[in-house]
Amino acid sequence: MMRNIPVNLLWFICSIMLNALGNSFMIISNLGSSPWAAAGQNLAFILPLSTGACIIILNFFSFILSYLIKTKFTLVMIIKSMALTFVFGMFIDLFVYVHHIIYVPENLWIRGFYSLIGLNLMAVAVCIYFQSGSIYLPSDYLLKAFGKRMNNYTVGTMICTSIPLSISILIILFQHHITGLGISTFLFMFGIGFLIDLYNRWIVINKVPQQNMYSA
């Protein structure tokens, strides 16, 4: 039973890297990113920080907001989740940097292809992520908190997503410069669930029993 733990950990690390890679493809496509990544891009536009660093900041505030709406966290959960967020943000910056070194597409069709690659990578990542992990990104805890608060995860998802979208829109309005939002943002919002359901049929992770996973 114990020998399954390193395997699950490997899957979990793989999911974080795939998620960051998928985000980087959408960022480089310049056709719109996921809502939280778009908010990170817009903050990076007005702050002397990278997109990954801004995503880390946004996730930190997600923790605070989750706490304000009565979500209970242990100190271990907070430390692990923020460490995960830091790794995730740094991976996004790394992959975006690699893209700039290798190739940044200008052709619209190639950019669209990049965006589709990003969407699928993120769907695969989320599928693996929720099957293999026990500690999540703060934004995922916030989504769960809103879902419980509203007694409806559809409404909760809409409210949670409106937070990064509002940040992006406000910055865009003040800066008169569109960053991060585009057609692929809406494809993500309305299509990522379908893709996750699709990949969940194909990818099944034998998860470590819950009592082992949650032990500190």
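**Figure 1. A loop between α1 and α2, with N30 in view.** In this predicted model, N30 sits in the loop that links α1 (4-29) to α2 (35-46). Its backbone is worth a look: the phi angle of N30 is near 60 degrees, a positive value in a residue other than glycine. Is N30 buried or exposed? With a relative accessible area of 54%, N30 is exposed, because exposed residues are those over 50%.

**Figure 2. S33, a buried residue of the loop between α1 and α2.** Stay in the loop between α1 and α2 and you will find S33 there. S33 has a relative accessibility of 1% and so counts as buried, whereas N30 is exposed. Which residues does S33 touch, once neighbours within four places in sequence are left aside? They are M26, I27, A38, Q41, G180 and T185. The chain also brings S33 and L181 together in this view: the two are 148 residues apart in sequence, but their C-alpha atoms are 6.2 Å apart in space.

**Figure 3. H176 in the loop between α7 and α8.** This view moves to the loop between α7 (153-175) and α8 (183-202), where H176 is placed. H176 has a phi near 55 degrees, which is a positive value in a residue other than glycine. Its relative accessibility is 71%, so H176 counts as exposed. Readers who began with Figure 1 may like to set H176 beside N30, whose phi is near 60 degrees.

**Figure 4. Helices α3 and α4 side by side.** Two packed helices are described by the angle between their axes and the distance between the axes. Here the axes of α3 (residues 51-68) and α4 (residues 75-102) come within 7 Å and cross at roughly 155 degrees. That angle makes α3 roughly antiparallel to α4, because angles over 145 degrees count that way. The crossing of α3 past α4 is right-handed. On the α3 side, the contact is made by T51, G52, A53, I55, I56, N59, F60 and F63. On the α4 side, the partners are M77, I78, S81, M82, T85, F86, F88, G89, M90, I92 and D93. What classes of residue meet here? The contact of α3 with α4 has twelve nonpolar, six polar and one charged residues.

**Figure 5. T85, a residue of α4 seen on its own.** T85 belongs to helix α4, and T85 is also part of the contact that α4 makes with α3. How accessible is T85? Its relative accessibility is 0%, so T85 counts as buried. Apart from neighbours within four places in sequence, T85 is in contact with I55, I56, N59, L137 and P138. Three of these names, I55, I56 and N59, will be familiar from the α3 side of Figure 4.

**Figure 6. S139 in helix α6.** Helix α6 (residues 138-150) holds S139. S139 is buried, with a relative accessible area of 9%. With neighbours within four places in sequence set aside, S139 is in contact with W36, N59, S62 and C160. N59 links this view to the previous one, as T85 is in contact with N59 too.

**Figure 7. Helices α5 and α8 crossing at an angle.** The axes of α5 (residues 108-132) and α8 come within 9 Å and cross at roughly 50 degrees. The two helices are therefore oblique to each other. How is the crossing of α5 and α8 handed, left or right? It is right-handed. From α5, the contact draws on S115, L119, N120, M122, A123, V124, V126, C127 and Q131. From α8 come S184, L187, F188, I192, L195, I196, Y199 and N200. By class, this contact has twelve nonpolar, five polar and no charged residues.

**Figure 8. Stepping back to the whole protein.** The close-ups above come from a protein with nine helices and zero strands. Along its principal axes, the C-alpha trace spans about 50 × 35 × 30 Å. A compact globule of 216 residues would have a radius of gyration near 17 Å, and the protein has 17 Å, which agrees. Buried residues make up 49% of the 216 residues. Among contacts between residues at least 6 apart in sequence, 76% join residues at least 24 apart.

How values were computed: Residues are numbered from 1 along each chain as its sequence is written. This is a predicted model: local features need pLDDT of at least 70, side-chain atom pairs count only at pLDDT 80 or more; totals for chains, interfaces and linings use all residues. Side-chain values use heavy atoms; hydrogens and water are left out. Axes are lines fitted to C-alpha atoms, for helices over the stretch in contact, and angles run from 0 to 180 degrees between N-to-C directions. Angles under 35 degrees count as roughly parallel, over 145 as roughly antiparallel, 65 to 115 as roughly perpendicular and the rest as oblique. A crossing is left-handed if the near helix is turned anticlockwise from the far one by less than a right angle, and right-handed if clockwise. Contact means heavy atoms within 4.5 Å. Ala, Val, Leu, Ile, Met, Phe, Trp, Tyr, Cys and Pro count as nonpolar, Asp, Glu, Lys and Arg as charged, and the others, Gly among them, as polar. The radius of gyration is taken over C-alpha atoms; the globule rule is 2.2 Å times the number of residues to the power 0.38. Buried means under 20% relative accessible area, exposed over 50%, partly exposed in between (1.4 Å probe, protein chains only).
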